[in-house]
Amino acid sequence: MKNLNLKALGVFSSVVITTLMMGISSQSLFAETLRFSTPVPPNHIFTKVATKFSEDLKARSNGDLDIKVFPFGELGTDPENAIMVGTGALNFAVIPAAFMANSEESLNAWFLPGLFNSVQDAGNATQLPAAKKMLAELDRQGMVGLGYVFAGMRSLISVDPVLNLNDIQGKKISIFPVPIFNDWWLTFDAIPTAVPMPEIASALAINLIEVVDVDLDLVAALKLYQQAPNLAMTSHMAFPGIVVVSKKWWESKSVEQRAVIRDVFAEAEAWGIKEQVMADAGNLKALKDAGVVITQIDKSSYADNATKILNQYVKKSPIIAEFYEQVKAQK
């Protein structure tokens with residue numbers, strides 16, 4: 001499977017949207033019901049930040065803005081959540097920047113291999129002008145981008161040890177279904193394979209895949225080490241999620257309410273970066289204690305492959321070029 005089908009990511013059922021809209025309308029007679037969807041388990045940083053933001057916003061608004069968080073895709077997949085936010089059927093969501101890059105080219109900037117050394121480095125880049133421009137581009141999709149939340153840096157969990165990235169030649173690797181991930185792993189002659197997150201563990205067990213491109217939060221949360229006991233610490237990419245708000249809902253709020261929402265999220269965003277730095281250290285220790293074999297892979301060993309992807313993608317969008325230059329200047 002050398003080419004990943006990335007065109008149609010599914011058409012969301014109008015019946016579900018209608019049902020959700022009716023539910024929101026019926027409850028609005030009494031009090032505003034706000035929903036916040038995340039694609040990951042409750043103990044993943046995306047959901048933790050969503051929960052902190054929701055709790056803090058309720059306190060700051062004296063209960064006027066009360067949000068219920070629905071983790072692990074309870075309200076829908078990433079494509080479904082994007083549609084619901086865009087149409088106003090869903091108020092808030094964390095949507096992986098990798099998914100949104102399918103419709104907003106500039107977001108590929110976050111996935112330039114080797115660009116960041118750590119979550120902290122990537123977190124610092126959220127304040128760059130080009131990072132803000134990426135969020136502003138989401139307006140045309142009916143979304144307001146509040147900011148970013150970061151999972152850990154990407155690494156590889158595998159059935160057999162990976163001592164060098166060339167070891168994955170000819171192996172089936174689970175990737176996030178977005179072109180830059182596909183292009184990146186094809187430079188190593190691997191076989192990129194899109195597997196839904198809840199199915200990764202079973203796919204490893206039946207040898208549908210042999211390697212997973214993943215963050216440590218998911219390795220720990222889904223216990224992927226039970227099927228794949230080898231961890232190659234590559235830190236080849238950052239992996240941000242974007243916290244988005246329905247533009248339709250946002251425009252119904254006062255200037256003062258919008259300011260409070262932005263202030264509260266800015267605090268949650270900064271908290272999330274610090275929390276993830278600590279979580280990565282904790283996850284690594286937990287995986288060592290579980291008997292996972294851990295190999296550190298130096299970034300210099302894949303520098304040529306990273307340069308190839310950089311040269312390919314920096315030409316795709318002026319914002320990608322701006323972001324790359326701004327990150328370099330920040331180091």
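**View 1. Strands E6 and E7 side by side in the predicted model.** Here E6, residues 172-175, runs parallel to E7, and the two are joined over 4 bridges. To find one of the contacts, pick Ser174: its bridge partner in E7 is Thr193.

**View 2. The 6-stranded sheet that holds this pair.** Stepping back a bit, the sheet is open, and its strands come in the order E7-E6-E8-E5-E9-E11. The pairing across it is mixed. E7 (191-194) sits at one edge and E11 (293-296) is the other edge strand, so each of these pairs on one side only. On average, neighbouring strands are turned by 25 degrees against each other, if you ignore direction.

**View 3. Helix H7 packed on the sheet.** H7 covers residues 179-186 and touches four strands by name: E5 (155-158), E6, E7 and E8 (211-214). Compare the directions of H7 and E6 and you get an angle of about 155 degrees.

**View 4. Helices H6 and H13 crossing.** Now for a helix pair: the axes of H6 (residues 129-136) and H13 (residues 318-330) come within 8 Å, with a crossing angle of roughly 150 degrees. Because of that angle, H6 counts as roughly antiparallel to H13.

**View 5. Who touches whom between H6 and H13.** From H6, the contact is made by Pro129, Ala130, Ala131, Lys133 and Met134. H13 answers with Ile319, Glu322, Phe323 and Gln326. Sort the contact residues by type and you have 6 nonpolar, 1 polar and 2 charged.

How values were computed:
Residues numbered from 1 in each chain as written. Predicted model: local features only at pLDDT ≥ 70, side-chain atom pairs only at ≥ 80, totals over all residues. Heavy atoms only, no water. Axes fitted to C-alpha atoms, helices over the stretch in contact; angles between N-to-C directions. Parallel < 35°, antiparallel > 145°, perpendicular 65-115°, else oblique. Contact = heavy atoms within 4.5 Å. Nonpolar A, V, L, I, M, F, W, Y, C, P; charged D, E, K, R; others polar.
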